[in-house]
Amino acid sequence: MEQSTQPELDAPLGDPAMGGHAGFGLGLALARPERKLVLFDSEGDILMSLGMLATIAEQAPANFYHFLLDNECYATTGGQPVPNAKNVAYDKLALASGYPRAHAFEEIGDFARELPAIVSRPGPVFVWLKVYPEVENEPIGRRSRWQTRSREQVMQDLRGGLGIAR
């Protein structure tokens, strides 16, 4: 599954990285400040690493665009509800952690209208999006694989796309 028009720059981390997506994204943003870094994160991931919000805000990478897809459940592990899911204001957590800008959207039309302005300004910016859950209830080992590249291939493709020699 391609996630962009430049799949060699897509770095899907997969299920085992829960809690580590923001740190990985921050590292890439700091390593390549001339390129925009767009991170699609989840509320489960953020809740496992809340300290990353403050770390990202402190480092203040102008090329970092942090999108949180909030489906109110741990879809990867069977759809268990996220604690206090309806009351956590992730945009406010980001602002309180020091992000200079944060947005919250529940309607796709509002998001589509605002997106060009959001990505035209420097980051770091946090964008909280409410989405519908899609829960896979098959055991992880029996699920159809959406990621067809191995972790090693993803990293090799990413290095090549960024022009990084190994």
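Partly exposed means a relative accessible area between the buried range, under 20%, and the exposed range, over 50%. Gly-98 has a relative accessible area of 38%, so Gly-98 is partly exposed. Keep that residue in mind. We will come back to it.

First, the overall picture. This is a predicted model. The protein chain has six helices and six strands. From the N terminus, the order is α-β-α-α-β-β-β-α-β-α-β-α. There are 166 residues, and 36% of them count as buried. The chain exposes about 9,700 Å², with 55% of that coming from carbon and sulfur atoms. Now the contacts with a separation of 6 or more. Residues 24 or more positions apart make up 74% of those.

On to helix α4. It spans residues 90-97, and Asp-91 sits in it. Is Asp-91 buried or exposed? Its relative accessibility is 10%, and the cut-off for buried is under 20%, so Asp-91 counts as buried. What does Asp-91 touch, leaving out residues up to four places away in sequence? The partners are Ala-102, His-103, Ala-104, Phe-126 and Trp-128.

Asp-91 has company. Tyr-90 and Ala-94 are also buried in α4. Those three residues cover an arc of only 105 degrees around the axis, so they lie on the same side of α4. Look at the face turned away from that buried side. It carries Lys-92 and Ala-96, which are exposed.

What do the buried residues of α4 pack against? Two helices are on the list, α2 (43-47) and α3 (51-59). Three strands are there too: β2 (64-70), β5 (101-105) and β6 (125-130).

Next, helix packing. Two packed helices are described by the angle between their axes and the distance between the axes. Take α3 and α4. Their axes come within 8 Å and cross at roughly 50 degrees. The two helices are therefore oblique to each other. The crossing of α3 past α4 is right-handed. On the α3 side, the contact residues are Leu-53, Ala-54 and Ala-57. They meet Leu-93, Ala-94 and Ser-97 of α4. So Ala-94 appears twice: it is buried in α4, and it is part of this contact with α3.

Helix α3 has another neighbour, α1, residues 21-31. Here the axes are 10 Å apart, at an angle of about 10 degrees. That angle makes α1 roughly parallel to α3. From α1 come Ala-22, Gly-23, Leu-26 and Leu-30. From α3 come Met-52, Thr-55, Ile-56 and Gln-59.

Back to Gly-98. It follows α4, with a positive phi near 115 degrees. Its place is the loop between α4 and β5. Which residue lies 40 positions from Gly-98 along the chain, with a C-alpha separation of 7.0 Å? That is Glu-58.

Last topic: backbone geometry. Most residues other than glycine have a negative phi, and most peptide bonds are trans. Ala-60 has a positive phi of about 50 degrees, and it is not a glycine. Ala-60 lies in the loop between α3 and β2. At 40% relative accessibility, Ala-60 counts as partly exposed. Asn-84 also has a positive phi, near 55 degrees. Its loop runs between β4 (80-81) and α4.

And where is the cis bond? From Gly-123 to Pro-124, with omega near 0 degrees. Pro-124 is in the loop between α5 (108-120) and β6. Recall that β6 is one of the elements packed against the buried residues of α4.

Terms used: Residues numbered from 1 in each chain as written. Predicted model: local features only at pLDDT ≥ 70, side-chain atom pairs only at ≥ 80, totals over all residues. Heavy atoms only, no water. Helix = DSSP H or I, 4+ residues; strand = E, 2+ residues; numbered from the N terminus. Buried < 20%, exposed > 50% of the residue type's maximum accessible area, 1.4 Å probe, protein only. Contact = heavy atoms within 4.5 Å. Areas by Shrake-Rupley, 256 points an atom, 1.4 Å probe, with all protein chains shown as cover. Arc of directions from axis to C-beta. Axes fitted to C-alpha atoms, helices over the stretch in contact; angles between N-to-C directions. Parallel < 35°, antiparallel > 145°, perpendicular 65-115°, else oblique. Left-handed = near helix turned anticlockwise from the far one by under 90°.
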